[in-house]
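Okay everyone, thanks for coming. I'll put the structure up and then walk you through it.

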Amino acid sequence: MFATDPLARHYARLALDARHMARVKPELRLFFCLPFAHSEDMADQELSVRLNAGLGQPWLAHAEGHRDIIRRFGRFPHRNPGLGRITTAEESAYLARGGFQG
């Protein structure tokens, strides 16, 4: 499911560098941001927050929430089963309390 995420970020960066985000209707601009919001890389998360700041709410809050998960865990805990990763006790507690499920 996540195998093409690096490719999505590659093309999103090219589109941003070419300033395509500013050329589309405002309701479509979110799609330039999503590849970074879905990344488990902190630099991508920071970029996502900066991009979503230009979109306003609720998108900024959504991006900040994703960034905060990566800041806390270094990954999205809800992805662990699908990626064959061991879920830590802290991640398990977070998910059990209703933390972001994807």
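**One helix and a buried aspartate**

Let me start with helix H1, since the buried residues of H1 pack against two other helices: H2, which covers 30–37, and H3, which covers 42–53. Before I go on, please keep in mind that this is a predicted model.

So, the overall picture. The chain has 6 helices and 0 strands, and reading along the sequence you just get α-α-α-α-α-α. The C-alpha trace spans about 45 × 30 × 20 Å along its principal axes. There are 102 residues in the chain, and buried ones make up 35% of them. If you take contacts between residues at least 6 apart in sequence, 38% of those join residues at least 24 apart.

As for the outside, the accessible surface comes to about 6200 Å², with 59% of that belonging to carbon and sulfur atoms. For those of you who think about charge, the chain has 14 positive and 11 negative charges, and the mean positions of the two sets are 3 Å apart.

Okay, back to H1. Helix H1 runs over residues 5–17, so 13 residues, and from first C-alpha to last it reaches 18 Å, close to the 18 Å expected at 1.5 Å a residue. Which residues in H1 are buried? They are Asp5, Arg9, Ala12, Ala15 and Leu16. Looking down the axis of H1, those buried residues fall within an arc of 125°, so they line one face of the helix. Turn to the face pointing away from that buried side, and you find Tyr11 and Asp17, which are exposed. Then, just after H1, there's arginine 19, which takes a positive phi of about 65°.

Now for a residue on one of the partner helices. Aspartate 44 sits in helix H3. Is aspartate 44 buried or exposed? Its relative accessibility is 5%, and the cut-off for buried is under 20%, so aspartate 44 counts as buried.

And what is aspartate 44 in contact with, once you leave aside its neighbours within four places in sequence? The list is Arg9, Arg13, Phe36 and Ser39. Arg9 should sound familiar: that's one of the buried residues of H1.

So if you want one thing to look at on the screen, go to Arg9 on the buried side of H1, and then find aspartate 44, in contact with Arg9, over in H3. That's my bit, happy to rotate the view for anyone.

Key:
Residues are numbered from 1 along each chain as its sequence is written. This is a predicted model: local features need pLDDT of at least 70, side-chain atom pairs count only at pLDDT 80 or more; totals for chains, interfaces and linings use all residues. Side-chain values use heavy atoms; hydrogens and water are left out. Helices (H or I, at least four residues) and strands (E, at least two) are DSSP runs, numbered from the N terminus. The expected span of a helix is 1.5 Å times one less than its number of residues. Buried means under 20% relative accessible area, exposed over 50%, partly exposed in between (1.4 Å probe, protein chains only). The arc is that of the directions from the helix axis to the C-beta atoms. Contact means heavy atoms within 4.5 Å. Accessible areas come from the Shrake-Rupley method with a 1.4 Å probe; for residues, only the protein chains shown count as cover. Lys and Arg count as positive and Asp and Glu as negative; His and the chain ends are not counted. The place of a charge is taken as NZ of Lys, CZ of Arg, CG of Asp or CD of Glu.
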